[in-house]
Amino acid sequence: MKKVFLMLSLVCFGFVLFSCSSTPKVTRVDESEVIDLSGNWNDVDSQLVSQEMINDSVSKPWYDIFLKAKQKNPVIIVGTVLNKSDEHINTETFTKDLEMALLNSGKATFVATKDQRDEVRAERLDQADFSDPATVKKFGKEKGADFMLKGQINTITDSVKNKSVKYYQVELELINIETNEKVWIGQKKIKKFVGKSKYKA
């Protein structure tokens, strides 16, 4: 009986010890702090690339030409940004960073994406049936976009033993919706060296 009790005690102690040792330690850090754990695409890459590429886009001739001709800021819609890399990248986060960078520049306005427009139109229909007529929003008042921003993210990974080099190439294009002209093409490259430890922790 004592042996059984001793064995059960050891099992319980081992379970508690394993539970404690496997509990992750969480440390809060500043959101602007650069942390690269795996070398993969991360939030810092997304923010830096979007900011640099948007700054480049509005500094090119197309912007001044449009402003002079229309006397207003261009209206832009963000289209698809394809992930053609060999890793999972949340392109929705990247496109949102692009929107923020361009909107914060004060040099463009945005219209809703296709999915967002469908939801807003459904709300308009709902208002027509159930809302006070004085507050119902009308159809046919949507603002049309002048340009669509599209792009893709590509990667090349070169590895040997415990070292690797990750190369990212982000390409964006701004397309005139009325004429299909590409008025701006931007490219941003990131190269990361990732050195792995020979020993496991």
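Five helices and five strands: that is the inventory of this protein. Bear in mind that the model is predicted. Along the sequence, the elements run α-α-α-β-α-β-α-β-β-β. The protein has 201 residues, and 29% of them are buried. Now take contacts between residues at least 6 apart in sequence. Of these, 64% join residues at least 24 apart.

Let's go to the sheet. The five strands form an open sheet with mixed pairing, in the order β2-β1-β3-β4-β5. The edge strands are β2, residues 109–110, and β5, and each of them pairs on one side only.

Start at the β2 end. β2 pairs with β1 in the parallel sense, over two bridges. Here Ile76 stands opposite Phe110 of β2.

Now the other end. β3, residues 147–160, and β4 run antiparallel, with 14 bridges between them. They form a hairpin with two residues between the strands. Look at Lys161 in that hairpin: its phi is positive, near 50°.

Next hairpin. β4 pairs with β5, residues 182–195, again in the antiparallel sense. That pairing covers 13 bridges. Five residues lie between β4 and β5, and Asn180 in the turn has a positive phi of about 65°.

Which residues flank Glu173 of β4? On the β3 side, Lys150 stands opposite Glu173. On the β5 side, the bridge partner of Glu173 is Ile185.

Stay with β4. How much of this strand is buried? Of its 14 residues, 163–176, 10 are buried, so the rest of the structure largely encloses the strand. The cut-off for buried is under 20% relative accessible area. Take Ser164, which lies in β4. Ser164 has 7% relative accessibility, so it counts as buried. What does Ser164 touch, beyond neighbours within four places in sequence? Its contacts are Asp158, Ser159, Lys192, Phe193 and Val194.

On to the core. The largest nonpolar core has 25 residues. Trp41, Phe94 and Leu149 have the most contacts inside it. Where does this core draw its residues from? At least two come from each of α2 (43–57), α3 (61–70), β1 (75–84), α4 (91–104), β3, β4 and β5.

Trp41 deserves a closer look. Leave out residues up to four places away in sequence. Trp41 then touches Ser46, Val49, Glu87, Ile89, Phe94, Ile153, Tyr168, Val170, Ile190 and Lys192. So that list includes Phe94, itself one of the three residues with the most contacts inside the core.

Now the helices. Two packed helices are described by the angle between their axes and the distance between the axes. For α2 and α4, the axes come within 9 Å and cross at roughly 40°. That makes α2 oblique to α4, because the angle falls in none of the parallel, antiparallel or perpendicular ranges. The crossing is right-handed. Which residues make the contact? From α2, they are Ser46, Gln47, Val49, Ser50, Gln51 and Ile54. From α4, they are Thr93, Phe94, Asp97, Leu98, Ala101 and Leu102.

Last, helix against sheet. α4 lies across β1, β2, β3 and β4. Relative to β1, α4 runs at about 150°.

To recap: an open sheet of five strands, β4 largely enclosed, and α4 lying across four strands, β1 to β4.

Notes:
Residues numbered from 1 in each chain as written. Predicted model: local features only at pLDDT ≥ 70, side-chain atom pairs only at ≥ 80, totals over all residues. Heavy atoms only, no water. Buried < 20%, exposed > 50% of the residue type's maximum accessible area, 1.4 Å probe, protein only. Pairing = 2+ DSSP bridges. Core = buried A, V, L, I, M, F, W, Y, C linked by side-chain atoms within 4.5 Å. Contact = heavy atoms within 4.5 Å. Axes fitted to C-alpha atoms, helices over the stretch in contact; angles between N-to-C directions. Parallel < 35°, antiparallel > 145°, perpendicular 65-115°, else oblique. Left-handed = near helix turned anticlockwise from the far one by under 90°.
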